[in-house]
Amino acid sequence: MQYVALILSITLYLTTPNDSYSLPICVFALGLFIVLAIFGMLKLRRVEFFGFNLLFTLSFFACCYIFPIFVYPIAPMYSLFEFGYDPNVISKCTALASVAYSCYVCGLLKNIKGVVKYRAENQNEILQIVDSYVDSKIIYRIALLIFVLFLLSGGYYYLDKQYSEGIMGGGGVVAYLYALVSVIPVMLTYVLNCDFSKKYVLISLFFVFLLLSTGSRTFPLALLLGAFYVYSSKHRVSNILTIILLIVGLLIMSFIGSTRGGQESVGMNTDVGYWNVFLDLIVNNRNLYDAYSLVESKGIVPTVFLGPILAALPMSQSFFVALTGVPEHTMTSASYFTVETFGSNPPFGLGTNIVGDVFLGGGLIAVIILFYLLGYLVTKALYMIHVKKNLTWYIFYLALVTSGIYICRGAFFWFVRPYLWLMIIIFIVKLMNTRKISYSRRMY
């Protein structure tokens, strides 16, 4: 089934012209997506309902299909689209998105039988993966220390200026600490996995509400998604209640976005009605069109893959730029699209699109390979955490879940930094505890 859909999507992409818009082609691409989305969820229903696949699928729909089918015919210059794009490539790019999602589902279902069989035989098993050598209290204290240092360095003012007033953030210590804040959602999610007590729930809610008050939504949403995943892994939550909570969360995040500056300050369009709720995701569809146009005119930019990966290693991106002479704005697709649109002094960032990010970095071949790999790794992670109870894969999956919504409006390797940083922290904590236990045994 999924391979038939893949062949159809590739055929659609190769035969779709890039010099005109076609609504029927976009609708057909959406049809392929819907069939694959339902098929994938049905295959995963015995493993989990709420998880990365659900979040990724919903976000992918909003980032790639709403604008070409439901918004463009009504408001072609909707929000950030007013800064220019080529409408003739819309159908081509929508077909490309279906190629990406088809490859993802093919990878997702490649080895799904093993984990599905295990879950069918262990339906009442509660998922909780802990390591006796990793004290969750220490992880919690490190997360708290990072957040306190961020606030003391002026972090609240930094975010308030960036989001509430639309002023681009500067550099300095606060910017480096903000990078560290990106790992807090995964850290606290792991802590909640170990101990879902009132104390840690309240600390998590404090983190969420304080950042939301500045207009920042990325990290608060990441933590809320992680916390709900952990809770739903331990308690039975109906699919209907899950969907209701997602809708309520979407409405709240949309309201917060409408009150802040930055790219949302461009404004909503009343003509598109309730689709405005998805504004924050829809606007990133423009970057997919930009990616295709830029690749056609200037070629691929492979260095955009390196930026998010090197971001996991402090100063490594700056060192790479200084060593190679590569323009700094080519290290991420988000900065590349922004500079190509506004020049070297942009009023705000345009973000990116996961399909556009991969296509800009390596063209159609990269889209096929990387999205297949993503699906394959999701299933691999599910198998390793449910069947093998592997902590490393569990942290990997938590990094995916916490980035499940915003990964589609971000870089493909968005999750690398929080995953690697938490693994490093866990390694250090585990090493310290191991030595402490070893020393205690020698004493006695």
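Tutor: A residue is buried under 20% relative accessible area, exposed over 50% and partly exposed in between (1.4 Å probe, protein chains only). This is a predicted model, in which local features need pLDDT of at least 70 and side-chain atom pairs count only at pLDDT 80 or more, while totals for chains, interfaces and linings use all residues. Residues are numbered from 1 along each chain as its sequence is written, and side-chain values use heavy atoms, with hydrogens and water left out.

Student: Is aspartate 280 buried or exposed?
Tutor: Arginine 217 and aspartate 280 have the same status. The relative accessibility of aspartate 280 is 8%, so this residue counts as buried.

Student: How many residues apart in sequence are the parts that arginine 217 and aspartate 280 tie together?
Tutor: These two side chains meet in a salt bridge at 2.9 Å, N to O, the term meaning a side-chain nitrogen of Lys or Arg within 4 Å of a carboxyl oxygen of Asp or Glu. Because arginine 217 lies in the loop between α11 (198–212) and α12 (218–234), whereas aspartate 280 belongs to helix α14 (residues 279–282), the separation is 63 residues.

Student: Where in the chain is arginine 409?
Tutor: Arginine 409 forms a salt bridge with aspartate 280, their closest N and O atoms being 2.5 Å apart. This pair links distant parts of the chain, 129 residues apart, with aspartate 280 in helix α14 and arginine 409 in the loop between α20 (391–402) and α21 (416–443).

Student: Which residue is linked with Arg119 and Glu125 in a network of salt bridges?
Tutor: Glutamate 125 and arginine 119 form a salt bridge with their closest N and O atoms 3.7 Å apart. Arginine 119 counts as buried because its relative accessibility is 10%, whereas glutamate 125, at 25%, is partly exposed. The network that links Arg119 and Glu125 also includes Lys389.

Key. Helices (H or I, at least four residues) and strands (E, at least two) are DSSP runs, numbered from the N terminus.
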